[in-house]
Amino acid sequence: MTSILQRLSIGLAFSLIGVFMILGFGMSLSFRLLTDSYIATRLEHDTESLLAAIILNPDSDIVELRSGRMNPVYHQPFSGHYYRIDVDGTSLRSRSLWDQTMDVPKVAVGEMTLLRLEGPERQLLLVRVAAYEKAGRQVHVAVAEDLSPIRTEVRRSQLRYVLFGVGALLFLLLLQRHILRHGLRPLGKTREEIAELERGERQQLSETVPEELNPVVYQINRLLSTLQQRLSRSRNAMGNLAHAIKTPLTLLSQIADRDDAFHDRTAAEETRQLVERIRALTERELKRARLAGAAGITQRLALRHELDALGAVLQQLYRERGLRLELEIPEALQLAADREDMHELFGNLLDNACKWARSRVRVRAETDADGVTVRVEDDGPGRDPDELARLNLRGVRVDEDTTPGHGLGLAIVQDIVAHYGGRLHLDRSSELGGFCAEVWLPFRQAG
């Protein structure tokens with residue numbers, strides 16, 4: 001979809017071009033009317049001079065002109081100025097016509113018409129034809145002038161106008177683009193703030209915006225606050241619910257362990273298994289309900305710093321085994337993600353790795369054009385190829401697997417990765433030989 005700036009620029013550009021074209025057409029028409037009017041006025045004066053110079057003898061059909069009253073331009077061959085006088089079948093032609101004639105229509109006495117004809121040497125003539133009565137006789141006078149010199153000047157003026165108009169148009173287009181950029185700058189600032197919000201670099205949008213944008217920004221900020229409040233209330237409620245459920249489950253587990261409560265050992269064992277199953281499912285669903293996911297991203301976290309803290313805790317838990325935790329993560333790598341979600345995600349992966357590792361656990365992070373890949377590997381026994389192939393099938397849930405030790409934790413990991421639009425791939429470590437969990441998060445959530 002085109003931007004607002006591009007739409008406005010295109011619309012205003014076409015408007016300016018249309019205005020300049022209309023002005024150009026109007027100017028050309030005005031020039032033509034002005035020159036025609038000017039030449040017609042001059043032809044009228046020459047007609048009056050010719051009419052005054054005509055000598056009509058009442059006793060004969062001879063028609064003469066007083067030579068002193070004629071403009072010399074009419075004596076120069078093909079000068080562009082011509083006349084023709086018709087009196088009772090007698091015609092007088094200007095010397096400038098040389099051996100050519102000028103055919104013009106007849107008009108009634110007292111009438112006048114202007115027309116264009118092709119004259120000598122293909123000249124474009126403006127001809128004024130009028131009929132008069134002098135000394136009781138009808139006199140038809142046609143006076144013409146070549147329009148070519150004036151048309152040439154008009155074309156030069158039009159060319160100058162085109163050049164000036166193109167320059168003015170380019171200047172106005174650049175000026176309007178500058179004005180539009182300046183006017184739409186608040187939109188660009190808000191867009192940058194939204195990008196920062198998506199990357200987790202800010203919590204709210206700035207409300208110092210034009211009046212037209214203020215309602216939108218206000219509603220976005222209100223929605224963000226509502227989402228944060230709902231997430232906080234949901235997590236608090238889930239924590240309270242978890243605490244409330246754990247107490248009855250603990251009591252049921254204690255009752256199942258009492259000898260006086262169950263005389264049937266098989267029933268007691270089944271009861272304990274059911275209690276543990278309920279506890280595991282409850283814990284998993286509560287953790288899933290507390291996930292913020294991509295919609296809850298309003299912060300950024302340094303992955304190396306967070307995993308250093310998680311690793312320190314796990315090394316204390318498994319200190320008797322002397323595990324070596326290797327972190328190959330760039331210091332500058334940051335994730336635009338919820339901190340509790342990432343603690344749950346990588347905490348489960350590291351805990352599983354430490355639980356099964358013999359001596360080494362390694363975490364490696366790499367970035368590509370589309371996102372960030374984090375691999376958690378150990379040198380433990382790993383999983384069989386058939387089991388790994390089944391777990392990586394689309395639609396198979398990790399917690400439905402029957403092998404102990406990985407199910408619930410990796411099920412939580414699977415839920416978190418799905419919330420962020422990422423991918424989880426389980427495999428055997430090619431270097432350490434144990435289990436390898438590879439998490440890919442799209443670049444929109446990672447910086």
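These legends accompany close-up views of a predicted model.

**Figure 1. The chain as a whole.** The chain holds nine helices and 14 strands. Of its 447 residues, 39% count as buried. Among contacts with a separation of 6 or more, 60% join residues 24 or more positions apart. The whole structure contains 19 salt bridges.

**Figure 2. Helix α6 and its covered side.** Helix α6 runs over residues 303–317. At 1.5 Å a residue, its 15 residues should span 21 Å. The end C-alpha atoms are 21 Å apart, so the expected span and the model agree. Buried residues of α6 are L303, R304, E306, L307, L310, G311 and L314. They sit on the same side of α6, because they cover an arc of only 155° around the axis. The cover over these buried residues includes strands β8 (301–302), β9 (324–328) and β10 (334–335). It also includes α7 (339–356), β11 (360–367) and β12 (371–378).

**Figure 3. The largest nonpolar core.** This core has 40 residues. M342 and F346 have the most contacts inside it. Elements giving two or more residues are α6, β9, α7, β11, β12, α8 (385–391), α9 (407–419) and β14 (435–442). Helix α7 gives the most, with seven residues. Nonpolar side chains tend to be buried together in soluble globular proteins.

**Figure 4. M342 and its surroundings.** Residues up to four places away in sequence are not counted here. M342 then touches L301, L335, A337 and G347. M342 also touches I416, Y420 and L441. A second, separate core has 21 residues, including V63, Y83, V87 and V143.

**Figure 5. The R116–D36 salt bridge.** R116 pairs with D36, and their closest N and O atoms are 2.3 Å apart. The pair links distant parts of the chain, 80 residues apart. R116 belongs to strand β5 (residues 112–118). D36 belongs to helix α1 (residues 4–53). R116 counts as partly exposed because its relative accessibility is 32%. D36 has a relative accessible area of 13%, so it is buried.

**Figure 6. R151, buried without a salt bridge.** R151 is found in helix α2 (residues 148–183). R151 is buried yet has no salt bridge. Its nearest side chain of opposite charge is D36, 4.6 Å away. A salt bridge requires a nitrogen within 4 Å of a carboxyl oxygen, so a separation of 4.6 Å does not qualify. With neighbours within four places in sequence left aside, R151 is in contact with R32, R116 and L124. One of these, R116, does form a salt bridge with D36.

**Figure 7. The D86–K106 salt bridge.** D86 and K106 form a salt bridge, with closest N and O atoms 3.5 Å apart. D86 lies in strand β3 (residues 81–87). K106 lies in the loop between β4 (90–93) and β5. The pair therefore ties together parts that are 20 residues apart in sequence. D86 counts as buried, because its relative accessibility is 7%. K106 is exposed, with a relative accessible area of 55%. Side chains of opposite charge can pair when their charged atoms come close.

**Figure 8. The R137–D88 salt bridge.** The closest N and O atoms of R137 and D88 are 3.0 Å apart in this salt bridge. R137 is in strand β7 (residues 137–146). D88 is in the loop between β3 and β4. The two residues are 49 residues apart, and the pair links distant parts of the chain. R137 is buried, at a relative accessible area of 12%. D88 counts as exposed, at 53% relative accessibility.

**Figure 9. A network of salt bridges.** Five residues are linked here: E328, R362, R364, E377 and E431. E328 falls in strand β9 (324–328). R362 and R364 fall in β11 (360–367). E377 falls in β12 (371–378).

**Figure 10. T90 and I62.** T90 is found in strand β4. T90 is partly exposed, with a relative accessible area of 26%. T90 and I62 are 28 residues apart in sequence. In space they are 8.0 Å apart, C-alpha to C-alpha.

Note on methods:
Residues are numbered from 1 along each chain as its sequence is written. This is a predicted model: local features need pLDDT of at least 70, side-chain atom pairs count only at pLDDT 80 or more; totals for chains, interfaces and linings use all residues. Side-chain values use heavy atoms; hydrogens and water are left out. Helices (H or I, at least four residues) and strands (E, at least two) are DSSP runs, numbered from the N terminus. The expected span of a helix is 1.5 Å times one less than its number of residues. Buried means under 20% relative accessible area, exposed over 50%, partly exposed in between (1.4 Å probe, protein chains only). The arc is that of the directions from the helix axis to the C-beta atoms. Contact means heavy atoms within 4.5 Å. Lys and Arg count as positive and Asp and Glu as negative; His and the chain ends are not counted. A nonpolar core is a set of buried Ala, Val, Leu, Ile, Met, Phe, Trp, Tyr and Cys residues joined through side-chain atoms within 4.5 Å.
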